Amino acid sequence: MPNIVVDGVQVEFKPGEKIIDVAARAKNVIPRYCYHEGLSIVAQCRMCLVEIEGQKKLVTACSTPCTDGMKVNTTTDRVKKSVAGVQEFLLANHPLDCPICDQAGECSLQENSYKHGNEDTRFDFFRRTYIDVDMGPSIKKNMNRCIHCTRCIRYCDEVGQIHEMIAEQRGNNTAIVTIDDKPLQTAYAGGLADVCPVGSLTTKDFRFKKRVWYLKTAASICDGCSQGCNITVSHDAGLIYRLEPRENQEVNKWWMCDEGRYGFHHVHSPSRVMSPTDLRTSEMKSLNWSEASNAARELLKSARSIGLLVAADATLEEVVALKKSFPQAEFFSFSIGVDKSEDDKATDHLLRRKDKSPNLRGLEEAGFKPFSSFDPKNFDLCVFVSAGKVRLPYGIAKLAKKSIGMGLFFKEELTGLNLVLPACSTYEKAGTFVNQQGKKQCFAAAVQPVGMSRPLENILSALSDGARKVG
Ligand code: SF4
Ligand code: SF4
Ligand code: FES
């Protein structure tokens, strides 16, 4: 295997690899702005300048391929002076608004300024200013902060595959705009905030909600469709603030769609049923868990046949618990978009799928029948399980003789249910989904269950005595 030497450390490389990536394997993170592993290389910002022994000029590490025996230096005085100069140049027009910038705490400009920049500024001219602009429903633009790295332009062209952002004017007047100032069309607009290395493009959903240093994170899986994009959930004090893509080259690379990115607000919806609720009389009555378990047992005892309709965002672990608790019941799956996973297909060039549930394949592998074969009238009791974002068909409980709802229910969808036992949403539990590729993906719980909600397994184990005697 050929190798290069970076600051005295020998590192192997594959032909075609660039210095910036090979150095990173030796834990040498060369500063960069315009370079992003998922985008084409333009070597525009000049922040990644390095010295190659035997070559007169400094080169950009992001665009220079490695050759066997190459000796690269990233810490010589010449490199340090040049990188500090580039940093100073990029800051020439940048406002001193870190205290009110949403990117503060995770800003490449701040970090590089601290590590590689000069201590003071020699720039005492007026800085150019622009007003903030809405770029459609997802992104707000603050052009004052832009360093013209063009990541956003390449992201729209190459990831969103819509040519909708450009740089207009030249030199000091260069501004990044959408063509004809139109709102962004891409279904992946939120990713612009991920790739923008400064606080120029931010998501409207997260903007000004929380300082990032207060956020904790959990590794999770998006439950918005069968792709199962890997994500990071940022949260604090029991509240979810944002979802961001987590790199997985086999599933979602570095990306996620806007539908998934903003699809968590239902977790904290004020209309979510947060305590066990008895609906057997005309009055809705909140119960404690002991009363709720008794009420559920009563309903279960009187049933000779039980059918379970489970939304396909139940985890594999929940499926096992359901099967164990209802050994003689019939199981059906429900998804939005498709009845069976064989009908699933891509709905765009990148990630989004027709099947709007994260675990239909998992339920099918566990023997669940498709929704099209489910008839609530065939059972004395129906148990409707809604474990995540997939909403069961509106009013289906009205067709059942008797019914229990377990999981995530909202006040506007209780019609026909006799009892609701609230359980965790995807981000309140750990578990495993099987995505459209058949990949089993585990995820961690991010926040505590809201209100009196409990893990489904706990609810089932409290009921199991009563359930085993029926069906
Ligand atoms: S808006 Fe952000 S991503 Fe786009 S060119 Fe400016 S700094 Fe780069
Ligand atoms: S493509 Fe599907 S899994 Fe990926 S972020 Fe979008 S909704 Fe979520
Ligand atoms: S990161 Fe290499 S020139 Fe911008």
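These legends go with close-up views of a predicted model.

**View 1. The two domains.** Here's the overall split: the protein chain is divided into domain 1 (3-91) and domain 2 (269-468). Measure between their C-alpha centres and you get 52 Å.

**View 2. The shell around ligand 1.** Zooming in on ligand 1, you'll find 13 residues around it, with Cys146, Cys149, Thr150, Cys152 and Cys196 the closest. Sorted by class, that shell comes out as nine nonpolar, three polar and one charged.

**View 3. The shell around ligand 2.** Cys222, Gly224, Cys225, Gln227, Gly228 and Cys229 are among the residues surrounding ligand 2. Met256, Cys257, Gly260, Leu351 and Arg352 also belong to that surrounding set. The class tally for this shell is six nonpolar, four polar and one charged.

**View 4. The largest nonpolar core.** This core takes in 53 residues, and Met165 and Leu192 have the most contacts inside it. The elements giving it two or more residues are the helices α2 (77-91), α4 (151-160) and α5 (191-195), plus the strands β9 (175-178), β12 (230-236) and β13 (239-245). Helix α4 makes the largest contribution, with five residues. Both domain 1 (3-91) and domain 2 (269-468) put residues into this core, so it lies between them.

**View 5. Leu192 and its partners.** Skip the neighbours within four places in sequence, and Leu192 is still in contact with Ile139, Cys152, Tyr155, Cys156, Met165, Leu184 and Leu201.

**View 6. The second core.** Separate from the core in View 4, a second one has 36 residues, including Leu300, Leu360, Val383 and Ala423.

Conventions. Residues are numbered from 1 along each chain as its sequence is written. Chains are lettered from A and ligands numbered from 1 in the order in which they are written. This is a predicted model: local features need pLDDT of at least 70, side-chain atom pairs count only at pLDDT 80 or more; totals for chains, interfaces and linings use all residues. Side-chain values use heavy atoms; hydrogens and water are left out. A residue is near a molecule or strand if one of its heavy atoms lies within 4 Å of it. Ala, Val, Leu, Ile, Met, Phe, Trp, Tyr, Cys and Pro count as nonpolar, Asp, Glu, Lys and Arg as charged, and the others, Gly among them, as polar. Domain bounds come from an automatic or database domain assignment. A nonpolar core is a set of buried Ala, Val, Leu, Ile, Met, Phe, Trp, Tyr and Cys residues joined through side-chain atoms within 4.5 Å. Buried means under 20% relative accessible area, exposed over 50%, partly exposed in between (1.4 Å probe, protein chains only). Helices (H or I, at least four residues) and strands (E, at least two) are DSSP runs, numbered from the N terminus. Contact means heavy atoms within 4.5 Å.
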